[in-house]
Amino acid sequence: MRWWMGQAPEKLDRLVMEVRRGALTLAVLLALREPHYGYSLRKSLGAKGLDIDEGTLYPLLRRLEDQGLLSSHWQQQEGRKRRFYQIDAGGEIALAEMRAEWQGLNDVIGQLGG
């Protein structure tokens with residue numbers, strides 16, 4: 001019997017979300033090497049197989065900007081004002097560290113998983 005069979009599904013969902021949370025931050029920083037507004041970023045990530053809902057994306061963008069990893073500006077596009085985000089110098093430094101950590105962890109997990 002698998003360990004989660006007797007567990008509430010919410011516990012398993014939380015474990016999966018913990019793994020996903022860090023990956024989303026890394027993916028957003030990578031994607032924002034090109035400027036995007038929220039919806040275009042969401043579509044770009046989704047096209048690559050990483051779905052992210054608005055309720056997760058927009059707070060993440062605000063948090064990363066508050067942490068000094070992104071910059072944003074308003075721009076008129078298609079008759080609407082949109083807030084565009086892009087990684088800045090602080091974000092590039094953080095991204096390099098996060099990628100190295102991710103790759104190291106991925107290597108170890110690959111070795112452990114056989």
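Does Arg82 count as buried or exposed, and at what relative accessibility? In this predicted model, Arg82 counts as buried because its relative accessibility is 12%, which lies under the 20% that limits the buried class. The charged end of Arg82 sits over the ring of Tyr37, 4.4 Å from the centre of that ring, and Arg82 also forms a salt bridge with Glu78, in which the closest N and O atoms are 3.4 Å apart. Glu78, for its part, is exposed, with a relative accessible area of 64%, so this salt bridge joins a buried arginine to an exposed glutamate.

From Arg82 the path leads to the ring of Tyr37. A search of the whole structure finds 1 aromatic pair, and that pair is formed by Tyr37 and Phe84, edge-to-face, with 5.3 Å from centre to centre and 70° between the planes. Because Tyr37 lies in strand S1 and Phe84 in strand S3, the pair ties together parts of the chain that are 47 residues apart in sequence. Both Tyr37 and Phe84 are buried. Strand S1 also holds His36, which counts as buried at 12% relative accessibility; leaving aside neighbours within four places in sequence, His36 is in contact with Ala31, Leu41, Ser44, Arg83, Phe84 and Tyr85.

The next element to follow is helix H1, which covers residues 9–31. Its 23 residues reach 31 Å from the first C-alpha to the last, close to the 33 Å expected at 1.5 Å a residue. The buried residues of H1 are Leu24, Thr25, Leu26, Ala27, Val28, Leu29 and Ala31, and they pack against strand S1 (36–37), helix H2 (38–47), H3, strand S2 (70–77), strand S3 (80–87) and helix H4 (89–113).

This packing leads on to the nonpolar interior. The largest nonpolar core has 20 residues, and those with the most contacts inside it are Val28, Leu41, Leu61 and Leu70. At least two residues of this core come from each of H1, H2, H3, S3 and H4, while H1 gives the most, with 6 residues. Val28 shows how such contacts are spread: apart from its neighbours within four places in sequence, Val28 is in contact with Leu41, Leu45, Leu57, Leu60, Leu61 and Leu64.

Helix H3 spans residues 54–66 and includes Tyr58, which counts as partly exposed at 28% relative accessibility. Once neighbours within four places in sequence are set aside, Tyr58 is in contact with Gly38 and Tyr39; the C-alpha atoms of Tyr58 and Gly38 are separated by 6.9 Å, although these residues are 20 residues apart along the chain.

There remain the charged pairs, of which a search of the whole structure finds 4 salt bridges, including the one between Glu78 and Arg82 described above. In another, the side chains of Glu92 and Arg33 meet at 3.0 Å, N to O; since Glu92 lies in helix H4 and Arg33 in the loop between H1 and S1, the pair ties together parts that are 59 residues apart in sequence. Glu92 is partly exposed, with a relative accessible area of 29%, and Arg33 counts as partly exposed at 41% relative accessibility. Glu54 forms a salt bridge with Arg42, with the closest N and O atoms 3.3 Å apart, and this pair links helix H3, where Glu54 lies, to helix H2, where Arg42 lies, across 12 residues of sequence. Here too the partners are partly exposed, Glu54 at 42% relative accessibility and Arg42 with a relative accessible area of 28%.

Notes. Residues are numbered from 1 along each chain as its sequence is written. This is a predicted model: local features need pLDDT of at least 70, side-chain atom pairs count only at pLDDT 80 or more; totals for chains, interfaces and linings use all residues. Side-chain values use heavy atoms; hydrogens and water are left out. Helices (H or I, at least four residues) and strands (E, at least two) are DSSP runs, numbered from the N terminus. Buried means under 20% relative accessible area, exposed over 50%, partly exposed in between (1.4 Å probe, protein chains only). Contact means heavy atoms within 4.5 Å. The expected span of a helix is 1.5 Å times one less than its number of residues. A nonpolar core is a set of buried Ala, Val, Leu, Ile, Met, Phe, Trp, Tyr and Cys residues joined through side-chain atoms within 4.5 Å. Rings of Phe, Tyr and Trp (its six-membered ring) pair if their centres lie within 6.5 Å; planes under 30 degrees apart count as stacked, over 60 as edge-to-face and the rest as tilted. A charge sits over a ring if NZ of Lys or CZ of Arg is within 6 Å of the ring centre and within 35 degrees of the ring normal.
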